[in-house]
Amino acid sequence: MAATQHAVNRAIPLGLYVHLPWCVRKCPYCDFNSHAPRGTPLFEAYVDALLADLDADLRDAGETLHARRIETIFFGGGTPSLFPDVAIARLMDGLRARLDVSDAAEITLEANPGTIEHGRFAAYRAAGINRLSLGAQSFADAQLEALGRIHRHGEIHIAMAEARAAGFNNINLDLMYALPGQTLDTALDDIEQALALAPTHLSHYQLTLEPGTPFARTPPPLPDGDAAWRMQEAGQARLATAGFVQYEVSAYAHDGQQARHNRNYWTFGDYLGIGAGAHAKLSFADGRIERRAKRKNPVLYMAHARDAGRLESSGGIARAELPFEFMLNVLRLNEGVAADSFSARTGLTLETIAAPLQRARADGLLVDDTRVLRATPLGLRYLNDLLQRFLP
């Protein structure tokens with residue numbers, strides 16, 4: 001049994017998430033672990049902490065990482081593009097010295113159009129970054145101001161031009177809809193302006209009021225649910241005519257340009273997570289699947305990067321919770337996954353979820369095909385209701 005589990009464990013894709021927590025100013029809708037620094041951020045000290053954190057994770061993981069190659073790396077934040085290119089280059093060197101990073105790895109860095117200095121994209125490219133994700137959010141200055149963004153629409157165009165000049169040909173643009181005071185026409189105009197910049201990937205998602213954020217405490221005037229739905233449907237249709245395939249709830253891409261790192265999450269793959277507030281999920285040779293999260297406060301995280309104090313939480317996923325955890329991810333994908341991947345990724349048999357599968361298919365929420373696990377259009381619209389059927 002252990003040998004079989006070890007073989008399965010090696011077959012599961014492995015990614016790395018790196019959290020860079022600082023930003024110029026925290027946006028009022030943001031519930032990510034991001035922090036406006038007091039004074040100059042300690043970039044070099046933070047890189048030291050990241051590498052020490054990774055060393056400790058590698059000691060903790062033991063054989064579960066043996067002979068496993070890193071297929072994707074994602075630098076998220078915060079605003080990773082605040083980090084000087086020399087810091088990113090040193091970090092990349094440190095990662096390669098410690099991990100078997102595939103020569104074909106997708107390596108993504110998130111960037112804010114308002115933080116890009118001339119020439120920095122070229123230096124990131126030289127360090128090994130080969131994919132960018134630009135947080136445009138909107139091309140209307142009034143919307144950007146309402147969202148608390150530090151950039152304006154002209155800086156999006158400048159950032160895209162800098163990225164192209166630096167040799168990046170795999171670029172995502174983040175767009176939000178159902179923004180304060182937004183209409184269907186202005187939401188579609190955002191899409192038109194994004195398409196004019198010819199990205200290879202688009203993330204198009206609805207603004208939501210997350211608990212604990214300034215927007216949740218004092219909500220701005222937002223379009224109602226019906227208006228938001230019309231924006232989503234019209235956006236989907238326009239992106240389809242432009243050759244973008246919707247492969248996940250909020251992700252659209254040209255052929256061959258899907259976000260491999262995010263797909264690894266959505267197919268219940270494994271990933272290491274280093275940095276303040278970073279999360280990880282690993283499958284062990286004995287069948288255990290463990291999640292862990294790092295301490296959120298950057299100062300405390302750096303102080304404890306070399307010891308167990310860096311961990312906010314750590315523990316295995318209970319077997320009874322695995323069906324929900326698996327479905328929570330894979331049912332976001334429009335094409336779903338092969339049914340046998342449930343056993344390959346969880347170690348459980350499909351019989352474990354036979355009853356909720358049967359009911360979901362009968363109710364028209366899952367496609368009536370036992371070879372795949374895929375939500376119907378109705379299931380995607382009522383995804384939360386569908387997912388609740390797999391709760392313990």
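The exercises below work through the overall form and the aromatic contacts of a predicted model.

**Exercise 1. Overall form**

Task: Determine how the radius of gyration of the chain stands against the value for a compact globule with 392 residues.

Solution: Begin with the expectation, which for a compact globule of 392 residues is a radius of gyration near 21 Å. The chain has 21 Å, and the two values therefore agree. Next, take the outline along the principal axes, where the C-alpha atoms fill a box of roughly 60 × 50 × 40 Å. Within this outline the chain has 16 helices and 14 strands, and buried residues make up 52% of the 392 residues. Finally, turn to the contacts with a separation of 6 or more, of which 72% are accounted for by residues 24 or more positions apart. As for the surface, the chain exposes about 17,000 Å², with carbon and sulfur atoms supplying 53% of that area.

**Exercise 2. An aromatic pair and its surroundings**

Task: Classify the geometry of the pair formed by Phe121 and Phe168, and decide whether each of the two residues is buried or exposed.

Solution: The structure holds 14 aromatic pairs, and one of them is formed by Phe121 and Phe168, whose rings are 6.1 Å apart from centre to centre with 70° between the planes. Planes over 60 degrees apart count as edge-to-face, and the pair is accordingly edge-to-face. The next step is to place the two residues: Phe121 belongs to helix H4 (residues 120-127), while Phe168 lies in the loop between helix H6 (153-165) and strand E5 (171-177), so that a pair 47 residues apart links distant parts of the chain. For accessibility, the cut-off for buried is under 20%; Phe121 therefore counts as buried at 1% relative accessibility, and Phe168, with a relative accessible area of 2%, is buried as well. Phe168 has a further partner, since the charged end of Arg125 sits over its ring, 5.5 Å from the centre.

**Exercise 3. Other ring contacts**

Task: Describe the geometry of the pair formed by Tyr265 and Tyr271, and then find which residue lies over the face of Phe268.

Solution: Tyr265 and Tyr271 have 4.7 Å between their ring centres and 75° between their planes, an edge-to-face arrangement. Of these two, Tyr271 has a relative accessible area of 12% and is therefore buried. The residue over the face of Phe268 is Lys281, at 3.8 Å from the ring centre. A last step goes from single pairs to a group, in which ring pairs link Trp22, Phe43, Tyr46, Phe83 and Tyr301 into a cluster.

How values were computed:
Residues are numbered from 1 along each chain as its sequence is written. This is a predicted model: local features need pLDDT of at least 70, side-chain atom pairs count only at pLDDT 80 or more; totals for chains, interfaces and linings use all residues. Side-chain values use heavy atoms; hydrogens and water are left out. Rings of Phe, Tyr and Trp (its six-membered ring) pair if their centres lie within 6.5 Å; planes under 30 degrees apart count as stacked, over 60 as edge-to-face and the rest as tilted. Helices (H or I, at least four residues) and strands (E, at least two) are DSSP runs, numbered from the N terminus. Buried means under 20% relative accessible area, exposed over 50%, partly exposed in between (1.4 Å probe, protein chains only). A charge sits over a ring if NZ of Lys or CZ of Arg is within 6 Å of the ring centre and within 35 degrees of the ring normal. The radius of gyration is taken over C-alpha atoms; the globule rule is 2.2 Å times the number of residues to the power 0.38. Contact means heavy atoms within 4.5 Å. Accessible areas come from the Shrake-Rupley method with a 1.4 Å probe; for residues, only the protein chains shown count as cover.
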